[in-house]
Each structure stands twice: as structure tokens, then as C-alpha cells.
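Here's a quick briefing to read alongside the model. Have the viewer open as you go.

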Amino acid sequence: MSSTIDRRARFEAVVDEVFDPLQRYIRRRIEPDRADDVLSDVLMTAWRRLDDAPSDRLLPWCYGIARRTLANARRGQKRHLRLVHRLEAEPQTGFEPDPAEAGPDAELSEALASLSDDDREVLRLWAWEQLEPREIAMALDITVNAATLRLSRARSRLADRLARQDDAPSGHEAVEGTMEQR
Amino acid sequence: MKDELRERLARIDPMHSGVPMEATTSESSQELLEKIMSTPLKEKTESTPAPRRTWTIAVAAVAALVLAVAGGMALTGGDEAPVAAGPPLELTAGGEDIMASCIAFSPEALDDVAELAFAGTVTAVDGETVTLTVDEWYRGGDAGEVVLNAPQGMEALIGGIPFAVGDAYLISAQGGSVNYCGFSGATTPELQAGFDAAFANG
């Protein structure tokens, strides 16, 4: 059936565009042994919802699916906690690389780790996924204004943490220029 | 414009440290993609508001309602959870009883059978789970998202609610199971009126 062939072609085009960055997005956020399953689920959802895919923001759209899928995957681990069981406030980001393994910039890793889940996530989308506010908005399912504001505040808070660390004896990193958003 | 903070953050991206990636062209990727594209679709057509047949999941005896996160929730009746992680929660008796005694819908009856009630919008339907974002809690919860879990899958249909991404639903639940028999379903003016009346006093 031609519509099936067409759909496959469209999906393959989407996959070509998003496969690698999507995989990176997932691997940054969940343990390696679960990343493949999540990727598979995200692609399956994208296949089902292909008609909703916005051609100009495919990747952020996929990130949005991945965000929800990751939330489900983390929740899956908690499913044995029955309905009436009080859940601990679960971090939105189940997987954090060990700061000790974060390489040379331990100071920044620490500062990042000290922020809220929302702040961290918006900063990661900005710096790791290299998204702009308009795309962040789609990935987080919020308005562009909200994304802009959230990013700006997260940057300020990160800069504050870094500045505070700088008051401590060690080095003097250049974090000026990140404060203009305050 | 160059942004130092952004660049500095990019340098601590864990993906810089050689995390192995699966190539699109690898055999397993190709297998996966083929499997996905062979999945039959019962998609809703784009512009017709007509029948919602996208995904139908049994949410009666077999459905488990799992509420999660968003700051935790305080519900009555502590519970000893089995410790094994993994497969979805399976519920037995409670739901069946509710099914068996399919009482006629009335706001009072809803009031009786609803330990939990909320209005939500489906954001994802995945295999055996349906995820809803909660638009409003009428009773008993504060989570931002609810996952409906049908461990026995689509096959176990004892009358199901068709869930379609983007559509609104009114859900009530008791003992961890979604109430069926018209006590949950796609939002309609009638059901909405029933929920409003049942939970008028909180």
C-alpha cells in the first residue's frame, strides 16, 4: 500500500536525522544497560505518532518523547511500590555521571549537581543537546517564554554557585559574562 | 555569540568520554527499525474527530493504576510492597469485584467507589502503559502524571477504554485499579457533570 511505503520513507528520514543525537540524549540520562530499551521505545512512539511530527523541530520533538519515556522507565522501577505507598521525591534525572569521573572540571560538575532537576535539565539541553529556547520549549513541553526564563535563571544560579566556589581558595575561572541575565 | 558557560558545560558532557554508541547502520539497529516499522498501526486519521480506536487497553480487572512522583503522595492505608523490581504491578481481587458488581452510574456511586479521581490528558500510549498528565485532581492524589498499567495487555479486554494521545479522560480508581463500568472514560459533558457532582465537596 503506497501510504505504508510513504510512512516508512518518512520514518526513515526522521530516523536518519535523529538517531545519533537522540541516542546521545538518552545515554546522558540513564544507565547504559537501559539505554537501548529506552531508545527502542522512543522510536516506537515516534513511529506511531509520526503524523504529529513537526518537520522543523523533529529533534526537540523526539527529545520530548524521550523525556516522557525516561520518566516512565524510571517509574517502572518503582512500580512495585504500591499505589498507596508513599514515594520519595524522585529525582527527575535518574542517572547522574559520577562527578569524580566528570573529568577536569570538577568545580563545574559540582555546581551543576547542586542545582535543582529543572535547572540542570534546561542547562543540559542548552549546552549538551545544543538547543535554543524555542527547541527547549518543545522538548520540555513548555512555552518559549517559559523556556527562555528558565534557562536564564538556571544560568544565573549556576554562575552564582561557581562564583561562590571561586571565593574559596582555589582558582579563578572566568564566569563573568554569564551574569548578564540576572 | 560565544558563550563561555555554555562551552564549559559542553566540555563536561559525559558523551565526550567515549560512551559507546549504536550505529544506525548496525545490524541490531536495522533489525529494531524493521521491527518498529512492521508494527501495525491503528492510527487516528488526521482531521476527523471520528472514532477513537487508536489504542484500547483493558482497564478493568486487569488494570493497575500506578501513581508516581511529583513530590510524593499521602494516601491512606500503608502498604507492604513486594520488593522485587521489574514487572508491572498486578492486581487481582479489587478490580474484579468492581467489575462484577457493575453498579449503575450516579454521582453518589462514584463518590463511593472513587478513592482517587482525576482529569487527565493522555501523553503516551506505549505497549501496556498509558501515561496521562493530570489536569486536575478531584480526590486523593497530587502526582503530575499517572501511568495506567495493563499487565495482561491489550488482549484481556473486558470492555476497554480507548485511549488516544492528546485526548482528555476522567479517571476514578479504587484499590489501585481503575474503575470501569462508566466510572472512568473519555471526557464527555455527561461524565464531567457526574465527576463535578460527585466531588463537589472535595
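What follows covers a helix pair, a core and a chain overview.

This is a predicted model, where local features need pLDDT of at least 70, side-chain atom pairs count only at pLDDT 80 or more, and totals for chains, interfaces and linings use all residues. Residues are numbered from 1 along each chain as its sequence is written, with chains lettered from A and ligands numbered from 1 in the order written.

**Helix pair in chain A**
- Helix H5 (residues 117-127) and helix H7 (residues 144-167) of chain A pack at about 105°, axes 9 Å apart, which makes H5(A) and H7(A) roughly perpendicular (65 to 115 degrees).
- On the H5(A) side, the contacts (C-beta atoms, placed from the backbone, within 7 Å) include A:Val122, A:Leu123 and A:Trp126, and they meet H7(A) residues including A:Leu151, A:Ala154 and A:Leu158.
- The residues of this H5(A)–H7(A) contact split into 6 nonpolar, no polar and 4 charged.

**Core**
- The largest nonpolar core (buried Ala, Val, Leu, Ile, Met, Phe, Trp, Tyr and Cys joined through C-beta atoms within 7 Å) has 47 residues, and A:Leu22, A:Val42, A:Cys62, A:Ala66 and A:Ile136 touch the most other members.
- H3(A) gives this core its largest share, 8 residues.
- Buried residues (20 or more other C-beta atoms within 10 Å) of H2(A) include A:Val38, A:Leu39 and A:Trp47.

**Chain B**
- Chain B has 5 helices and 9 strands (DSSP runs: H or I, at least four residues, and E, at least two).
- Of its 202 residues, 33% count as buried.

Terms used:
Axes are lines fitted to C-alpha atoms, for helices over the stretch in contact, and angles run from 0 to 180 degrees between N-to-C directions. Angles under 35 degrees count as roughly parallel, over 145 as roughly antiparallel, 65 to 115 as roughly perpendicular and the rest as oblique. Two residues are in contact if their C-beta atoms, placed from the backbone, lie within 7 Å. Ala, Val, Leu, Ile, Met, Phe, Trp, Tyr, Cys and Pro count as nonpolar, Asp, Glu, Lys and Arg as charged, and the others, Gly among them, as polar. A residue is buried if 20 or more other C-beta atoms lie within 10 Å of its own, exposed if 12 or fewer, and partly exposed in between; C-beta atoms are placed from the backbone.
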